[in-house]
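Got your viewer open? Load the model below and keep the selection box handy.

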Amino acid sequence: MQEIIYFLPGQGAETPGLGKNLLEKFPPSLEILRKTEEIWGFPLKEVILEEREEIFEIKYCQPVLCWYSYSLGLALQEKFKIKMLVPYSLGVFPSIALSGILPYEDVIKILKFNFDKVKELNLEGNLLYISGYPIEEAKKNLRDIYFSSINHKLSYTLGGSPDKIKVALKFLKDKAFSIKVLPSPWAIHTPLLSKISKFLLEEEELWVNIKDGLIPIF
């Protein structure tokens, strides 16, 4: 069986209709989506099938991306052996399920817990994905911005208030190769992640099914 490396993208990879073909061609994905909707508490199927622009909203893009990457991984496993999982940002969640570290349902519960806690903190903000501009130069010229999800010195994400992100966008738009503003409540990304991590650690029932992973995660 041919071995492959499976890359799982993060938030920002969503597009209207994402997963529509998967629902049609991989029947197990429909039941997985039903479980996702049950845990998440929002209808997702119609957003996918009707190719709605609502997919860009946090409450839809996060569960849909998680469902899609997990279901696609299962579909790939029917023909290939996944040698390694390479997740980026949100892609960590479905990779944990595909590796077998936690059941998929538990992963969605953790993602939902994370989503609910962020809403409780009520912090407005955006994320700005940058590709093709040196992070060292960005740090020299931008203030009150949090650098997170640093994938590479030329590929990273900024988090901050809407006003700060506008300033960053104006500065970088003619300098970076690619820029994308991601709708997000993560106003102060790094400190917020720290708070959420503490909340998650206190929820022991979320970790009762944890196991050693069967597929390596890069």
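Here is a short tour, one selection at a time. Keep in mind that this is a predicted model.

**Stop one: strand β1.** Select residues 3-8, which make up β1, and show the side chains. They alternate along the strand: I4, Y6 and L8 point to one face and are buried, while E3, I5 and F7 point to the other face and are not buried.

**Stop two: the partner strand.** Now add residues 81-87, strand β2. β1 and β2 run parallel, and six bridges join them. To find your bearings, pick L8 again: P87 in β2 stands opposite L8.

**Stop three: the cysteines.** Select C61 and C66 and show their sulfurs. How many disulfides does a search of the whole structure find? Zero. C61 is in no disulfide, and the nearest cysteine sulfur, that of C66, is 11 Å away. A disulfide needs the two sulfurs within 2.5 Å, so at 11 Å the sulfur of C66 is too far from that of C61 for a bond. Are these two buried or exposed? C61 counts as buried because its relative accessibility is 1%, and C66 is buried as well, at 0%.

**Stop four: E46.** Jump to helix α3, residues 45-49, where you'll find E46. E46 is partly exposed, with a relative accessible area of 36%. Leaving aside neighbours within four places in sequence, E46 is in contact with E37, E51 and R52, so add those three to your selection. To finish, draw a C-alpha to C-alpha distance from E46 to G17: the two are 29 residues apart in sequence and 9.7 Å apart in space.

Technical notes. Residues are numbered from 1 along each chain as its sequence is written. This is a predicted model: local features need pLDDT of at least 70, side-chain atom pairs count only at pLDDT 80 or more; totals for chains, interfaces and linings use all residues. Side-chain values use heavy atoms; hydrogens and water are left out. Buried means under 20% relative accessible area, exposed over 50%, partly exposed in between (1.4 Å probe, protein chains only). Helices (H or I, at least four residues) and strands (E, at least two) are DSSP runs, numbered from the N terminus. Contact means heavy atoms within 4.5 Å. Two strands pair if DSSP finds at least two bridges between them.
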